[in-house]
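Here are my notes for you on this protein, written as numbered points. Keep the sequence and the picture open while you read.

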Amino acid sequence: MILLNSLLFAGEIYQIASGMVTIPHELSFTTYKNLVIAPFFEELIYRVCLFNLFLESGALSQRSCVLLLPLYFGISHLHQIFHQQRSIKKRNEARRRANPP
């Protein structure tokens, strides 16, 4: 699974390495943490720890783990959609106030 996930990002990594795309962030510790460390630990927790927890406890079969854990992963990131929608609404409201008709 981790290999498959890494392959999905191979195109982006190649584009950055070849200079086709520039990174919009400066390479600081925060950027490194957000782009490297956080995704690594997310994969570790969701793919390894939860899989083993459900499998060894007998709560789910191996097939059920493979099918359901990505759903848990997706559900745990739903808050980002709501946060983004709120940010867009606030930005649009600020633009309306700054530029009245």
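1. Let's start with a term you'll need: a salt bridge is a side-chain nitrogen of Lys or Arg within 4 Å of a carboxyl oxygen of Asp or Glu. Also keep in mind that you're looking at a predicted model.

2. How many salt bridges does the structure hold? Just one. Arginine 97 and glutamate 93 form it, and their closest N and O atoms are 2.0 Å apart. That fits the cut-off, because a salt bridge needs the nitrogen within 4 Å of the oxygen. The two partners are four residues apart in helix H5 (residues 78-98), which means about one helical turn separates them. As for the surroundings, arginine 97 counts as exposed, at 62% relative accessibility, while glutamate 93 counts as partly exposed, at 35%.

3. Now step back to the whole fold. The protein has five helices and zero strands, so if you read along the sequence you get the pattern α-α-α-α-α. Of its 101 residues, 8% are buried. The protein exposes about 8700 Å², and carbon and sulfur atoms supply 65% of that area.

4. Helix H3 (residues 29-57) deserves a careful look. Where is the kink in H3? Find isoleucine 37: a kink of about 30 degrees lies there, shortly before proline 39. Buried residues in H3 are Thr31, Glu43, Tyr46 and Phe51. Just after H3 comes glycine 58, with a positive phi of about 80 degrees.

5. Next, the aromatic rings, where the count comes to two pairs. Phenylalanine 40 and phenylalanine 41 have ring centres 5.3 Å apart and planes at 80 degrees, so this pair is edge-to-face. Phenylalanine 41 counts as partly exposed, at 43% relative accessibility.

6. The other pair joins phenylalanine 54 and tyrosine 72. Their centres are 5.8 Å apart and the angle between the planes is 35 degrees, a tilted arrangement. Why does this pair tie together separate parts of the chain? Because phenylalanine 54 lies in H3 and tyrosine 72 in helix H4 (residues 62-76), parts 18 residues apart in sequence. Tyrosine 72 counts as partly exposed, at 37% relative accessibility.

7. Tyrosine 72 turns up again in a nonpolar surface patch of about 820 Å². Its companions there are Val66, Leu67, Leu68, Leu71, Ile75, Leu78, Ile81 and Phe82. Which helix gives the largest share of the patch? That's H4, with six residues. H4 and H5 each supply at least two residues. Leucine 78, one of the patch residues, lies in helix H5 and counts as partly exposed, at 40% relative accessibility.

8. Finally, check the cysteines. The structure holds zero disulfides. Is cysteine 65 buried or exposed? At 1% relative accessibility, cysteine 65 counts as buried, whereas cysteine 49 counts as partly exposed, at 41%.

Note on methods:
Residues numbered from 1 in each chain as written. Predicted model: local features only at pLDDT ≥ 70, side-chain atom pairs only at ≥ 80, totals over all residues. Heavy atoms only, no water. Buried < 20%, exposed > 50% of the residue type's maximum accessible area, 1.4 Å probe, protein only. Phe/Tyr/Trp six-rings, centres within 6.5 Å; stacked < 30°, edge-to-face > 60°. Areas by Shrake-Rupley, 256 points an atom, 1.4 Å probe, with all protein chains shown as cover. Bend = angle between axes of the 7 residues up to and from the residue. Disulfide = S-S within 2.5 Å. Patch = residues over 30% accessible without salt bridge, like charges linked within 9 Å, V, L, I, M, F, W, Y side chains within 5 Å.
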